[in-house]
Protein chains: 2
Amino acid sequence: MSKPLILVTNDDGITAPGLRALIRFMGDLGEVVVVAPDSPQSGKGHAITIDDTLFSTKVTVDQLHGAPKEYSCSGTPADCVKLGLQVILDRKPDICVSGINHGSNSSINVIYSGTMSAAIEAGIEGIPAIGFSLLDYSWNADFEQAGPAIKKIVRQSLKKGMPEGVVLNVNIPKLSKENIKGIKVCRQARANWKEKFDHRTSPMGKDYYWLTGEFELLDKGEDTDEWALANGYISVVPTQFDLTAHHAIQNLNTWNLNE
Amino acid sequence: MSKPLILVTNDDGITAPGLRALIRFMGDLGEVVVVAPDSPQSGKGHAITIDDTLFSTKVTVDQLHGAPKEYSCSGTPADCVKLGLQVILDRKPDICVSGINHGSNSSINVIYSGTMSAAIEAGIEGIPAIGFSLLDYSWNADFEQAGPAIKKIVRQSLKKGMPEGVVLNVNIPKLSKENIKGIKVCRQARANWKEKFDHRTSPMGKDYYWLTGEFELLDKGEDTDEWALANGYISVVPTQFDLTAHHAIQNLNTWNLNE
């Protein structure tokens, strides 16, 4: 049996330590091709580049075992996946992994996440896909601790196959290997950000703002990703791109919009 | 009773005819405040501006009845909603409407849509929200035809209240008022884009690509937004931002990730 083909991408950019760690881990499991943004793309959500040119270049970032093929791309994470699948790879990958993100993509953060948008883009195209994030925003975060769990999740995904229309959102607590209690399948916690805009005035007298905010957990459930992470578990949320709120269709039909 | 406060935004930018039409329609229903991007933001998905400054300016774009307060913002549609709610408005709006988008946001397009990301952002913050899109990409599309239906949907939303965790994705066929058959509550059709990258070389010898593609409908259901639109109906899809694939949790628990 040939080695599985693994497409690796991220949103922090091709030189990010989180990506370099994920490439190393995937080198143990299959043939790795990297297509990653040439600059940080955090908070880009599911943006795509429709009104601008996309540049892509074969690069060598560092000497890793397994000698992955690597391409940088001037676009967003979703662009990287599209370009990877359509232009760079000569066959369909067996799986697409995105990350490891420097920072959490749990609960409502999934909506804003470039890491997860790459996984979702691959999922839309029928490829098993997983986004990985570590709860440590530091550039020098210790990604090694997450290696065994990440490899286990990817191995099982390759073996079991992904449920249709689903990608995985995996978040990893900032703990040493020994202190991680296990892996929990969860639902996305209800949460939002309480924005605070930091209002300033430029030297030229123009008002401007910095977006800052505080995370607000609105969910006391013990079956959520936030609970799992707070209690030392890795969270795995099956995430879908059919956004239909099926349960609300009946309710809306009572609105009698055609009368 | 005081008039409802209506926050209006879009992703095509504050001067887009689709937005100007929506502002006019909303002027018949309540007090309108506009916070919209100062430049086109199509395809921006749920991007937010976390590593750059946000500028916002009070502007007068045209003389509309109801004298809406208008602010342009240098950010994405989701930024506009955050800034509107947190900085510009002095009370919580009764509803947020986004659009009218120049072009479809049906089926999988919801994922890439700046129009819908604004509505979703408002929904996350607990505000009833609707994205409107017309199936006509032309800058000079005839938005007037959609007026009566849009006002009906907004009136009913204000009256009935939005189901929790749900925003509406409304798409309108390119038809005259008389030829629109009605309004249908639908589910998001399964579809994707078959990308085609147009590969070119710059005068300096650098490879680059334009992202193009063909829409591929993978769904024969007659309860989908695509079916409704193809058959002359306005589609209304209840859209959620809990992305958990609840049906897949049991399946993933059989993966025995902790063994």
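Tutor: A residue counts as buried under 20% relative accessible area, as exposed over 50% and as partly exposed in between (1.4 Å probe, protein chains only). This is a predicted model, in which local features need pLDDT of at least 70, side-chain atom pairs count only at pLDDT 80 or more, and totals for chains, interfaces and linings use all residues. Side-chain values use heavy atoms, with hydrogens and water left out; residues are numbered from 1 along each chain as its sequence is written, while chains are lettered from A and ligands numbered from 1 in the order in which they are written.

Student: Is B:Asp62, the partner of B:Arg20 in a salt bridge, buried or partly exposed?

Tutor: A salt bridge requires a side-chain nitrogen of Lys or Arg within 4 Å of a carboxyl oxygen of Asp or Glu, and the side chains of B:Arg20 and B:Asp62 meet in one at 2.7 Å, N to O. The bridge links distant parts of the chain, 42 residues apart: B:Arg20 is in helix H1 (residues 17-27) of chain B, and B:Asp62 is in the loop between strand S3 (54-59) and strand S4 (69-73) of chain B. Helices (H or I, at least four residues) and strands (E, at least two) are DSSP runs numbered from the N terminus. B:Arg20 is buried because its relative accessibility is 6%, whereas B:Asp62, at 30%, is partly exposed.

Student: How many residues apart are A:Arg187 and A:Asp223?

Tutor: A:Arg187 is buried at 19% relative accessibility, whereas A:Asp223 is partly exposed at 41%. They form a salt bridge in which the closest N and O atoms are 3.0 Å apart. A:Arg187 belongs to the loop between strand S8 (182-185) and strand S9 (191-201) of chain A, and A:Asp223 to the loop between strand S10 (207-217) and helix H5 (225-230) of chain A, so the separation in sequence is 36 residues.

Student: Which residues of chain A are joined into one network by salt bridges that share partners?

Tutor: In chain B, the side chains of B:Asp136 and B:Lys174 meet in a salt bridge at 3.8 Å, N to O. B:Asp136 is buried at 11% relative accessible area, whereas B:Lys174 is exposed at 58%. In chain A, by sharing partners, salt bridges form one network of A:Arg20, A:Asp62 and A:Glu70.

Student: Which residues of chain B lose the most area to chain A?

Tutor: Buried area is the accessible area (1.4 Å probe) that two parts lose on being put together, summed over both. Chain B and chain A bury about 7,100 Å² between them, with 65% of it on carbon and sulfur atoms. On the side of chain B, 11% of the buried total is due together to the residues that lose the most, namely B:Leu243, B:Trp255 and B:Leu257.

Student: How many salt bridges does the rule find across the interface of chain B and chain A?

Tutor: A search over all chains finds 30 salt bridges in the whole structure. Between the two chains, B:Arg190 and A:Glu164 meet through their side chains in a salt bridge at 4.0 Å, N to O. Across the interface of chain B and chain A, the number found is four.

Student: Which residue of chain B stands opposite A:Phe55?

Tutor: Two strands pair if DSSP finds at least two bridges between them. Strand S3 (residues 54-59) of chain A pairs with strand S10 (residues 207-217) of chain B in the antiparallel sense, over two bridges. Opposite A:Phe55, in S10(B), stands B:Tyr208.

Student: Which residue in the turn between S9(B) and S10(B) has a positive phi?

Tutor: Strand S9 (residues 191-201) of chain B runs antiparallel to S10(B), with eleven bridges joining them. Within this pairing, B:Lys196 stands opposite B:Thr212. The two strands form a hairpin with five residues between them, and the turn residue with a positive phi, about 85 degrees, is B:Gly205.

Student: What distance separates the C-alpha atoms of B:Tyr71 and B:Asp38?

Tutor: B:Tyr71 lies in strand S4 of chain B and is buried, at 16% relative accessible area. Leaving aside neighbours within four places in sequence, B:Tyr71 is in contact (heavy atoms within 4.5 Å) with residues including B:Ile14, B:Val35 and B:Ile88. B:Asp38 is 33 residues from B:Tyr71 along the chain, and their C-alpha atoms are separated by 8.9 Å.
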